[in-house]
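User: I'm new to this one. Could you walk me through it and show how each label is earned?

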Amino acid sequence: MDQNQTARRTEDIALDLLKFVAATANVGGKSTGSTTGFGIPTSAKPEDQVTSLLELYAKCRQAVEAPLED
């Protein structure tokens, strides 16, 4: 597998992780808030929600790409 295929696979995994975390924590949704404290307030502007999702995606990429410690 070449580097482009590997990079794409990492991006896909990070995107799947983002979807899971966002759904679990009610991030970016139109819910009334999260009892776990991770949700974005419903009064947040769409731009703020997008920014939060992009930041979460960056964290997911870091988590997926981080080398495992032995």
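User: Which residues of H2 are buried, and why is "buried" the word?

Analyst: They're Gln49, Leu56 and Cys60. Buried means under 20% relative accessible area, exposed over 50%, and partly exposed in between (1.4 Å probe, protein chains only). Keep in mind that this is a predicted model: local features need pLDDT of at least 70, side-chain atom pairs count only at pLDDT 80 or more, and totals for chains, interfaces and linings use all residues. Residues are numbered from 1 along each chain as its sequence is written, and side-chain values use heavy atoms, with hydrogens and water left out.

User: How do you know that the buried residues are on the same side of H2?

Analyst: They cover an arc of only 45 degrees around the axis, so they sit on the same side of H2. That arc is taken from the directions from the helix axis to the C-beta atoms. The face turned away from the buried side carries the exposed residues Glu47, Leu54 and Gln62.

User: Why is Leu53 called partly exposed?

Analyst: Its relative accessible area is 28%, and the in-between class runs from 20% to 50%, so partly exposed is the label that fits Leu53.

User: What makes the largest nonpolar core a core?

Analyst: A nonpolar core is a set of buried Ala, Val, Leu, Ile, Met, Phe, Trp, Tyr and Cys residues joined through side-chain atoms within 4.5 Å. Here there are seven: Ala14, Leu18, Ala22, Ala25, Val27, Leu56 and Cys60. The largest share, four residues, comes from H1.

Key
Helices (H or I, at least four residues) and strands (E, at least two) are DSSP runs, numbered from the N terminus.
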